[in-house]
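Me: Can you walk me through this one? I'd like to take it in small steps.

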Amino acid sequence: MLELSLIFIVFFSLLIGAFDFGQFLFLHQALVERVRWAARWGMASSTATPDQIKNMVIYGQTTAGTSGYFGLTSSMVTVTASNANTWNWCISVLISNYPYKMFSPYIAGSYTGPNINVTVPLGMYD
């Protein structure tokens, strides 16, 4: 029983740690893909506004919805279009201060994820 309890503590800690790490990787990759998708949509749609691109990131549609993707809010997403009508015209989408939760012992709590920044070039190809 003593050996089982000591091994179980270590095994359970490693299991929860692997779960936390996997959860963070999944959340980060899902947000990166969502931002890439919205930025490409904004690039392909000639009438897309920054607010519509922001709504595509947060809600998956051009209009505001009820709940954001993984708890995103409009204050966490920034969309900028720079150098309009020049050869280096681009759309940049930034997600910052998004939360994720850790369950591992000693580090359990809510944390802020790293910034996600995606830039899609539009350019002038005429």
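**A few residues and the core**

Reply: Sure. Keep in mind that this is a predicted model. Asparagine 55 touches Gly60, Gln61, Thr62, Thr63 and Ala64, leaving out residues up to four places away in sequence.

Me: Which helix is asparagine 55 found in?

Reply: Helix H2, which covers residues 50-59.

Me: And is asparagine 55 buried or exposed?

Reply: Buried. Its relative accessible area is 15%, and buried means under 20%.

Me: New topic. Where is alanine 81 found?

Reply: In strand S1, residues 77-82.

Me: Is alanine 81 buried or exposed?

Reply: Exposed. Alanine 81 has a relative accessible area of 52%, and the cut-off for exposed is over 50%.

Me: What is alanine 81 in contact with?

Reply: Trp89, Cys90 and Ile91, setting aside neighbours within four places in sequence. Also, the C-alpha atoms of alanine 81 and glycine 42 are separated by 10 Å. Those two residues are 39 apart along the chain.

Me: Now the largest nonpolar core. How many residues are in it?

Reply: There are 25. Those touching the most other members include Leu31, Val57, Val77 and Val93.

Me: Which elements supply at least two residues each?

Reply: Helix H1 (2-44), H2, S1, S2 (90-95), S3 (99-102) and S5 (116-121).

Me: And where does the largest share come from?

Reply: From H1, with seven residues.

Me: Back to valine 77. What is it in contact with?

Reply: Lys54, Val57, Ile58, Val93, Leu94 and Ile95, again without neighbours within four places in sequence.

Methods. Residues numbered from 1 in each chain as written. Predicted model: local features only at pLDDT ≥ 70, side-chain atom pairs only at ≥ 80, totals over all residues. Heavy atoms only, no water. Helix = DSSP H or I, 4+ residues; strand = E, 2+ residues; numbered from the N terminus. Buried < 20%, exposed > 50% of the residue type's maximum accessible area, 1.4 Å probe, protein only. Contact = heavy atoms within 4.5 Å. Core = buried A, V, L, I, M, F, W, Y, C linked by side-chain atoms within 4.5 Å.
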